Amino acid sequence: MRQTMPVRLGAAEDTLIAQLKSVGAHADAERITVAGLPTRRVESYHYTDLKTLLRTIPPLAKAANEASAPALRVPGAYQLMIANGVIQSASTAPAGIIVGKAAGSALSTRDDVLVHLNGALAKESLTLTLESSVDPVIQIDRRTEGEAAHVADSLKIYVADGASAIILETFSGSDAAHVGNHATYIALGKNAVVTHITVDLSFRATSHFATNEYHVGEGAKLRTLVIHAGAGLSRTQLFPRYEGAGAHGDITGLNLVSDGQHADITMDATHAVPGTSSQPLFKSIARGRGKAVVQGKLVVARDAQKTDAKFMHQGLMLSDEAEILSKPELEIYADDVVCGHGSTCGKLDEDSLFYLMSRGIPQEEAETMLVRGFLEELVDSIEDAALAEALHGVIDGWLLGGK
Amino acid sequence: MTTPILEIRNLHARIEEREILKGVNLTIPAGQVHAIMGRNGSGKSTLSYVLAGKEDYEITEGEILLNGVDILDMEPSERAVAGIFLAFQYPIEIPGVATMTFLKAAMNAQRKARGEVEMTTPDFMRAVKEAGAQLNIDSDMLKRPLNVGFSGGEKKRAEILQMALLKPALCVLDETDSGLDIDALQVVSRGVNALRAENRSMLVITHYQRLLNHIVPDVVHVFSDGRIVESGDKDLALQLEAKGYADFDATAA
């Protein structure tokens, strides 16, 4: 392994090592001392070279004194807040939810630097137990306030057998060079139905990292949507694991990048047992010299026969300088499966543009209509009308927000 | 004499190095319906795209006047506002854009460009419902994404619906009969005929005489090798149907 080679450490790594030591995470500090931050030579970070992209790490977050307005308002939602890594006291929970706390990070151990950092630095996890179906949208508002800070926070959700819920997480905060490392763990019981949406609305100076680990039980249905629409550098890692027959995942994501931004959605999915299915669908739109990355790995275990999984990534380039990178991977150990992958990338269709313009719609408006149309299938399946409208607002904000 | 709605003078157009229109002259007075007939590849469809302002073509000579105003420097959207409407031979499918949303955007974009107030939603709904009823278009079809999964007949009816709502000065119908069965052809033709008006002209482009039994033209032109080689009344279409285009090729040469 390369880890045995001594590496030259930069300022970001020195700070990380000091921070890890300060919380007593000596093994994690040692790991970074030996290996450094991952470079393009590490396969899962090939397009998001953290050693190059992450030059400095701000001090560990202190409790926040003030909070900015919520980044996204969804009428009727039940709101919970984690500010600068600290779980805020909540209003009375709607029927079916038990709110609590647990020490440390919710993520399972994994050979990944962001997971290790969250494991070492997240002091507590907000825990939600959904005993039965929950009507209002559950919104977890995660924010980093004040001076630039390195914050790690964590959320753990258990969804009981047969329960259903729509969970929205929003990430935002003050306009500073924060580094956020956010963890979410969701376990879906038998026949549970969950929609999980994460939206990054941080300021451009912020670097946003999130890891979502899912355990999908027998007959359970998981729909996810990641939207990157804020931070200058963002990466969301999706680790769904299909663990019971009939488990299904509609894993979706959207990178919206403008000049100078870098957004990465990396999925590593495991179909662990026979008879599970997934439809990962990702879209990227890049303008200026924006860079969007989607990596999608499907692992099918040896006895996970009849797995049905298809990865798709569609890219839309709005400028000649934009970059959209796509890396599908299939790792199949079973012999009776239907698995596939596809990637497309292109510009707006000239014929479609001409058609709309020939009806009197000016070019800019016609382009906006086509981009909205390209994204529609990711949002139109969201059942909650107020939430769908809020997400359309996020997308329109980006579209009309200029370069 | 009043200004004709459309006047094309010595129009030459090419795509890359290939010249397709080779000196088209055509005048359509207000209220008239003219038909252009010609075989595949004669340049009929190119003429319709050039009128609507498709970028792929380079105009090397000539002019196009709409109500006396030169439109060659206008964007396709500006030409639409000026009064040109092209009913496409193959209407484009636009996933993710509901037909209703598109119709409203188009109507309001044109109103805005003309300095008129935008339509209220109830007024808009009423206008669409009225125009749709004549074309057997129900609200379910309008909720679907524009042209996506529409049958051939539905696509053409949707084109005529747009024409009825946008009330253009010049309707250009490019092979509107293609892909239509007899029933659909009658519905579409009825829709087109309902739009015939004193202040509106139409240019009907077709291979077949069949369509002209339903939409009866005032003048028929024969198109061959990039220009009009013969003009006459509606009987010229019957003559063409009987004898084919061969005789006219000789005239062109």
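A residue counts as buried when 20 or more other C-beta atoms lie within 10 Å of its own, as exposed when there are 12 or fewer, and as partly exposed in between, with C-beta atoms placed from the backbone. The model is predicted: local features need pLDDT of at least 70, side-chain atom pairs count only at pLDDT 80 or more, and totals for chains, interfaces and linings use all residues. Residues are numbered from 1 along each chain as its sequence is written, while chains are lettered from A and ligands numbered from 1 in the order in which they are written.

Q: How many residues of strand 12 of chain A are buried?
A: Strands (E, at least two residues) and helices (H or I, at least four) are DSSP runs, numbered from the N terminus. Strand 12 of chain A spans residues 233-242. One side carries L233(A), R235(A), Q237(A), F239(A) and R241(A), the other S234(A), T236(A), L238(A), P240(A) and Y242(A), and both faces are covered. The number of buried residues is 10 of 10.

Q: Which strand is joined to strand 12 of chain A by 10 bridges?
A: Two strands pair if DSSP finds at least two bridges between them. Strand 14 (residues 262-271) of chain A runs parallel to strand 12 and has eight bridges to it, with H262(A) as the partner of L233(A). On another pairing, V216(A) stands opposite Y242(A). The strand with 10 bridges, also parallel, is strand 10 (residues 207-216) of chain A.

Q: Is G249(A) buried or exposed?
A: G249(A) lies in strand 13 (residues 248-257) of chain A. Two residues are in contact if their C-beta atoms, placed from the backbone, lie within 7 Å. Beyond its neighbours within four places in sequence, G249(A) is in contact with V216(A), L222(A), P240(A), Y242(A) and S278(A). Because it has 27 C-beta neighbours inside 10 Å, G249(A) is buried.

Q: Why do D28(A), I32(A) and A35(A) lie on the same side of helix 2 of chain A?
A: These three residues are buried in helix 2 (residues 26-35) of chain A. The arc is that of the directions from the helix axis to the C-beta atoms. D28(A), I32(A) and A35(A) are on the same side of helix 2 of chain A because they cover an arc of only 85°.

Q: Which helices do the buried residues of helix 2 of chain A pack against?
A: Just after helix 2 of chain A comes G36(A), with a positive phi of about 70°. The buried residues of the helix pack against helix 1 (11-22) and helix 4 (113-121) of chain A.

Q: Which helix gives the most to the largest nonpolar core?
A: A nonpolar core is a set of buried Ala, Val, Leu, Ile, Met, Phe, Trp, Tyr and Cys residues joined through C-beta atoms within 7 Å. The largest has 187 residues, of which V159(A), V394(A) and V172(B) touch the most other members. With eight residues, the element that gives the most to this core is helix 6 (residues 363-379) of chain A.

Q: How many residues does helix 3 of chain B give to the side that touches chain A?
A: In all, 21 residues of chain B are in contact with 18 residues of chain A. Helix 2 (76-82), helix 3 (99-113) and helix 6 (152-166) of chain B each give two or more residues to that side. Helix 3 of chain B gives the most, and its number of residues is five.
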